[in-house]
Structures are given as structure tokens and as C-alpha cells.
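Let's walk through a structure together, one question at a time. Have a look at the model first.

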Amino acid sequence: MEDELEPSLRPRTQIQGRILLLTICAAGIGGTFQFGYNLSVINAPTSYIQAFTNETWQARTGEPLPDHLVLLMWSLIVSLYPLGGLFGALLAGPLAITLGRKKSLLVNNIFVVSAAILFGFSRKAGSFEMIMLGRLLVGVNAGVSMNIQPMYLGESAPKELRGAVAMSSAIFTALGIVMGQVVGLRELLGGPQAWPLLLASSLVPGALQLASLPLLPESPRYLLIDCGDTEACLAALRQLRGSGDLAGELEELEEERAACQGCRARRPWELFQHRALRRQVTSLVVLGSAMELCGNDSVYAYASSVFRKAGVPEAKIQYAIIGTGSCELLTAVVSCVVIERVGRRVLLIGGYSLMTCWGSIFTVALCLQSSFPWTLYLAMACIFAFILSFGIGPAGVTGILATELFDQMARPAACMVCGALMWIMLFLVGLGFPFIMEALSHYLYVPFLGVCVCGAIYTGLFLPETKGKTFQEISEELHRLNFPRRAQGPTWRSLEVIQSTEL
């Protein structure tokens, strides 16, 4: 009977085979795209928002704000974004367990809608406090999506494509950065009158996700292991994979469920206390910190001055900045294509090694610029090469570590730790980089080069390869690494359906 129906089901299978791609796009456009977009879109209206803050204060008190207080207000507006991201990262774990992966991404859009309303009416209401609150809310949105989107996509993808699918989060982040730079051009919404609409434009990707994601399936792993709903899991798998043979994947899911029976979802602090998670947590902390402390964000901050010194006209610098964002987008796409061929370790080691090389040349070029003016062009080339190297490995691979190195019970807590770490580091780098630049001058990249070297060495010595392995196989290998003297593997508990919804 099934053989007779197979030819007629082929068109349907092809259509269902595209559901995974649609799931990636729907999760990404309202997920990590928002992170990149709101990270870059704030740069264009800097002077306009500072002027608005000063004018608003003067209208209220009759006196203008001193320059140092205007700068303080602007620093608060910028820094509230990573602060909101930290709150969002801490909120992501409970949301992912209580509501599920897909519903959490949908509910997360409440923050974007609220922020867009605040941004859109801030100038009319004469309130710069509305901008501050809006930045805090989009930060919460980014913190939630940065943690749940890789988890959702990694759990929904087949093992052969899991790395490439999870890497799509980095693609959408880079795409968001580029789109924020493009929309912020003076010719579009970057002018003095349109900046409230520019900030509120994050509503558009949020609306696209609200319209598309409800039509797509929940994570099959969440449905089976956390909810114990075999029928819903099978329906989600059929929607994602088509009408092919699902017996092998179902068997893998059943094995993972058996391993998790009798266990509750781990709390974040328990990850640091459990010896069986020692290598996973160490890798997450070391490589997560390395990604934020490697100096890539600082390259963006330093790019404008290098382009200006190299003779790029002031009106054209904004287009050169778009080129830097496009470089990261290009390499994220390339990494997504090759990650299942070369593996995670090669991309990380290669990325950090190349960043060390280009950062060293960049430092030498800055030191020699007074003697050899042509070295400014070399420094400009190093900026693009550094960003390309970052996009090859650290930008995308680091984000999937929490998904691949931890089991179903520890994954939400691991994403919380990873997200909180990322936002804290982002805040500290943004706060400390101006002082580093002033203190070290042309040698400002020496500390970042040390971080890149450490990232490459740690990956080569301690990070296991996860390419082409099931979550169960990864767990067994990590157990052997954490307990090298034990010959036997972990002892699994009985096959008993338990609702694992407590964080």
C-alpha cells in the first residue's frame, strides 16, 4: 500500500522538505536578526538623539544639559541594550521550558512591539526616557532570541544538517547588522526627522515572525523528552522531514529520552557543581568569553577613524562601514555551507589563528603610519580581513556550543549561562574599550591578540569534534572525557515518561 502511494506523495514530500528552511527563516527574522539590527541601527541617529535629549531637558528646566551629561545620557541609552540582553538571557531558560521553544519566540515579540511604540512616539511626547525604556526592551528581546533560536533550530534539524542549521543564527545576526547599516543611511531613515521611525522599524521583522512562525512545528525533542507527547513529536518530524523513514531518528530520540528519565531540568548554578558537565561548562565559558573579548566589536568601533585617516571622504565612510558588515555576512554564509564538511574545531582554530595574524599586521601598520603613509591602506585591509576571519568560525560556531555539548535537561540552563556571559562581556568591552584605546594607543589590539591565541589553543587541546554525531553520541563521548578512568559509560535510568518542566 505504501509503495503504491509513494509516487503520488513525492511532490508533497518535496514541499514538506522545505518546511525546515521556512522554519529557519521564520525563527531567524524575528530572532538573531533583531539582535544584529538593533545593535547597528543605533549608530546612525547618534547626534540627533543627543540633540533631542538636550532640547527636551532645556524645554523642561530652561537650561541646556552640560556636554558631559549629554554624553552620559547617550551612554545610558546605548548600555541599556546589553543590560536588557542580560535580563533576556536569564529569562530564556524558564521560557523555553515552560512555553516551549516556538511559543517562547512568539511571546518574545511583546517586547519588540512595546519598544516600537515607545520609539515611535518618543519625540512627539518629548521624552528621552521612552527611548531608554525602548532600548531596554529590545535588549530583552535580543537576549531571549539569542538563546532560544539556536536551541529551537538545533533540536529541529537532522544530525547531518544540525551544524549548518544552527549556524543560520550567525547569518541572521550578520544580516541584521547590514540591514541596520543600510536602513540607517541618510538617504533612507538616517535623517534628522526620521530617526524615531528608524528605531521603531524593528517592528517589521517582529511582525513577519508573528505571521509565519505559528504555521510551523515545535521542536520534536521538546515535545517528546520534555512533554512526553509521542504523537505530537511524530507529527512535527513528519512536517519537518516529509514522509520518509523516521524510524532511525525516532529511535535516537527514544534513547535520549531514556537517558533523561528521572531527571529534572538543571538550574544554571548546578552546571558548575556537576562533575559530568565539567568540560562542557569550561568550553562554554572559555570560548564564549573569547568570542566577545577577541576584539571584533572593537574593530567596528575603530573602523571609522581608520577609514577617515586613509582619506575616505566623510560622506562615503558610511558605505565603507556597510562593507565591513557585509564581510561578516559573507563569511557566515560560507561557514554555514562548509561546517558539516570541515567540522567545528577546524573553523574555530582557523578563525582565531587568522584573527591573530591580521590583528598583528594591523598593530604594525598603525605603528608605522607616521613613517609610511601607505600602511593606513594596509590597516584598512586588515580590518576587512579580521572581520572575515571572525565570521569564518567564532561568530557562528561558538553560538551552537550550548546546543550540542549539553543534553536536553541541561541545555536551557547552558543557554542562560552562555547568554548572560555574552551580554556581560559585551557591556564590559563597550565600557572599557575607550580607556584601552587611550592607554595603549597603537598597541590597543595586543590584549585581544592574546585572547585569540588562547581561543585557538583551547579549541585544539580540549574541544571535542561534534560533526555528524547524534546528541546521544556527543553525551557519551563527553562522559568518557570527564571520567577518563572509568571504562563503562553512563548508567541510564528506566523508560518512564516524566514531565521535565521545572528549571
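Here are some questions and answers about helices and aromatic rings in this predicted model.

Q: What span should helix H8 (residues 128-156) have, and how far apart are its end C-alpha atoms?
A: Helix H8 has 29 residues, and each one adds 1.5 Å. The expected span is therefore 42 Å, which agrees with the distance between the end C-alpha atoms, 42 Å.

Q: Where is the kink in H8 centred?
A: Most of H8 is covered, with 26 of its 29 residues buried. The helix has a kink of about 25 degrees, and its centre is serine 145.

Q: How far apart are the end C-alpha atoms of helix H19 (residues 375-392), next to the span that its 18 residues should have?
A: At 1.5 Å a residue, the 18 residues of H19 should span 26 Å. That agrees with the distance between its end C-alpha atoms, 25 Å.

Q: Which parts does the pair of phenylalanine 52 and tryptophan 195 tie together?
A: The whole structure holds nine aromatic pairs. In one of them, phenylalanine 52 and tryptophan 195 are tilted, at 5.3 Å centre to centre and with 55 degrees between the planes. Phenylalanine 52 and tryptophan 195 are both buried. The pair ties together parts 143 residues apart in sequence, because its residues lie in helix H4 (residues 46-61) and helix H10 (residues 195-200).

Q: Which residues do ring pairs link into a cluster?
A: Phe386 is among the buried residues of H19. Ring pairs link this residue with three others into a cluster: Phe362, Phe386, Tyr445 and Phe448.

Terms used: Residues are numbered from 1 along each chain as its sequence is written. This is a predicted model: local features need pLDDT of at least 70, side-chain atom pairs count only at pLDDT 80 or more; totals for chains, interfaces and linings use all residues. Side-chain values use heavy atoms; hydrogens and water are left out. Helices (H or I, at least four residues) and strands (E, at least two) are DSSP runs, numbered from the N terminus. The expected span of a helix is 1.5 Å times one less than its number of residues. The bend at a residue is the angle between axes fitted to the seven residues ending there and the seven starting there. Buried means under 20% relative accessible area, exposed over 50%, partly exposed in between (1.4 Å probe, protein chains only). Rings of Phe, Tyr and Trp (its six-membered ring) pair if their centres lie within 6.5 Å; planes under 30 degrees apart count as stacked, over 60 as edge-to-face and the rest as tilted.
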